[in-house]
Amino acid sequence: HLPFAADAGVPLPDYQEGTTIVYSNGRSETVHEVAPDRVTRQNHRGDISAGSPDFTYRRTAWETRTRSGTRSFRGRNDWLGNPTATSVWPLAPGKTARYIESGRWQDSDGKVHTYNAQWRSEVAGQMRLRVKAGEFDTWKIIARRFSRGDAYSTSRVREVRIWYYAPAAGHYVKMERNYLGRKPNRVVELVAITPPVSRMMPVAQGKVQTNFQQALEENKSGDPLQWAIPEHALSGATMPVATMRLRSGTYCRQYRQQLNQSGEDRAFFGLACRTTEGTWQVPHK
């Protein structure tokens, strides 16, 4: 565990349109649109969802091929009648939040379902964590979901979620879901956050992709390979961080990509493995 930072107050994640987030269960999500207080994503199945950049809140709108739903959130008062905080952001040591979630969704038969639940969240600490995408300093956030939207004394904890948020990555690098014996627990790690290559001009796309392949194929760990297009104020680099060999014999490398667009610098972390054709790819569905 690490001591809390002296300058506590970590801001909300700042998501970028066109980036894709890949997880260890093969799931991936691409950020399609970013607006104030709202991020719209599409997953690897084509399902669309939208919600706050505060990932501790569930998505406010979602749709799959067979179901769709919406959620809303409201604050609640403490036992003295005073309003409680509804978000743990900006993250700070020991910060807590409480809110009530109301949901409505329609199944494949057209039947409408509704529910109410309440959440209690807290910033539980900091720790350095090694995941598939690399090693990060993280903030641990714990949220408990209760079965009803009224008094805690008559509600039961139905689920516990734990996120490990890495400011360097701008996203959580690990998430645990504990269903308290009602169904199997789930744990996912971050595999990669890829830069918004599809949103870039063709010449820049080629530079990024060629640089990525060449750096992972030829460069030693800790040795960055840079690229630049000065006339468009674009530059970047790929640096291998660590190399490993799987039991199957496949080589994989952790890496860090840097992208500078008009003076704005962003870092992207991930894991890529070498295919039988000799190219490097982030493993996902």
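The largest nonpolar core in this predicted model has 47 residues. Those with the most contacts inside this core are F55, L91, F136, I141 and V173. Strand β10, residues 157-166, supplies the largest share of the core, 6 residues. A second, separate core has 12 residues, and among them are A192, C252, A272 and W280.

Let me take V173 as one example from the larger set. Beyond its neighbours within four places in sequence, V173 is in contact with L129, V131, F136, T138, Y164, A166, V188, E189 and L190. F136, in that list of contacts, is also one of the residues with the most contacts inside the largest core.

I turn next to V123, in strand β8. V123 has a relative accessible area of 4% and is therefore buried. Setting aside residues up to four places away in sequence, V123 touches V88, L91, A92, G94, K95, W139 and K140. The C-alpha atoms of V123 and I142 are separated by 6.5 Å, although the two residues are 19 apart along the chain.

C252, which I named in the second core, brings us to the disulfide. The count for this model is 1 disulfide, formed by C252 and C273 with their sulfur atoms 2.0 Å apart. The pair links distant parts of the chain, 21 residues apart: C252 belongs to strand β15, residues 251-261, and C273 to strand β16, residues 264-274. What is the handedness of this disulfide? The torsion about the S-S bond is about 100 degrees, so the disulfide is right-handed. Both partners are buried: C252 has 1% relative accessibility, and C273 has a relative accessible area of 14%.

Now to two charged residues that are buried. R58 lies in the loop between β4, residues 48-51, and β5, residues 61-63. Its relative accessible area is 18%, and R58 is buried because the limit for that class is under 20%. The side chain of R58 makes a polar contact of 2.7 Å with the side chain of E101 and another, of 3.4 Å, with the side chain of Y115. Apart from residues up to four places away in sequence, R58 touches R71, F73, E101, Y115, W119, R145 and R161.

The second is D107, in the loop between β7, residues 96-106, and β8, residues 112-131. Which side chain of opposite charge is nearest to D107, and how far away is it? That side chain belongs to K111, at 6.1 Å, and D107, though buried, has no salt bridge. The backbone nitrogen of K111, however, lies 2.9 Å from a polar atom of the D107 side chain. Leaving out neighbours within four places in sequence, D107 is in contact with T66, R67 and H113.

I close with some backbone details. Most residues other than glycine have a negative phi, and most peptide bonds are trans. The peptide bond from W89 to P90 is cis, with omega near -10 degrees. P90 is placed in the loop between β6, residues 68-74, and β7. D37 has a positive phi, near 65 degrees, and is found in the loop between β2, residues 28-35, and β3, residues 38-43. S262 also has a positive phi, of about 50 degrees, without being a glycine. S262 is in the loop between β15 and β16, the strands that carry C252 and C273. Are these two loop residues buried or exposed? D37 counts as exposed at 65% relative accessibility, and S262 counts as exposed at 64%.

Note on methods: Residues are numbered from 1 along each chain as its sequence is written. This is a predicted model: local features need pLDDT of at least 70, side-chain atom pairs count only at pLDDT 80 or more; totals for chains, interfaces and linings use all residues. Side-chain values use heavy atoms; hydrogens and water are left out. Helices (H or I, at least four residues) and strands (E, at least two) are DSSP runs, numbered from the N terminus. Buried means under 20% relative accessible area, exposed over 50%, partly exposed in between (1.4 Å probe, protein chains only). A polar contact is a pair of N or O atoms within 3.5 Å; within protein, one must be able to donate a hydrogen and the other to accept it, and residues adjacent in sequence count only if both atoms are side-chain atoms. Contact means heavy atoms within 4.5 Å. A disulfide is a pair of cysteine sulfur atoms within 2.5 Å. Lys and Arg count as positive and Asp and Glu as negative; His and the chain ends are not counted. A salt bridge is a side-chain nitrogen of Lys or Arg within 4 Å of a carboxyl oxygen of Asp or Glu. A nonpolar core is a set of buried Ala, Val, Leu, Ile, Met, Phe, Trp, Tyr and Cys residues joined through side-chain atoms within 4.5 Å.
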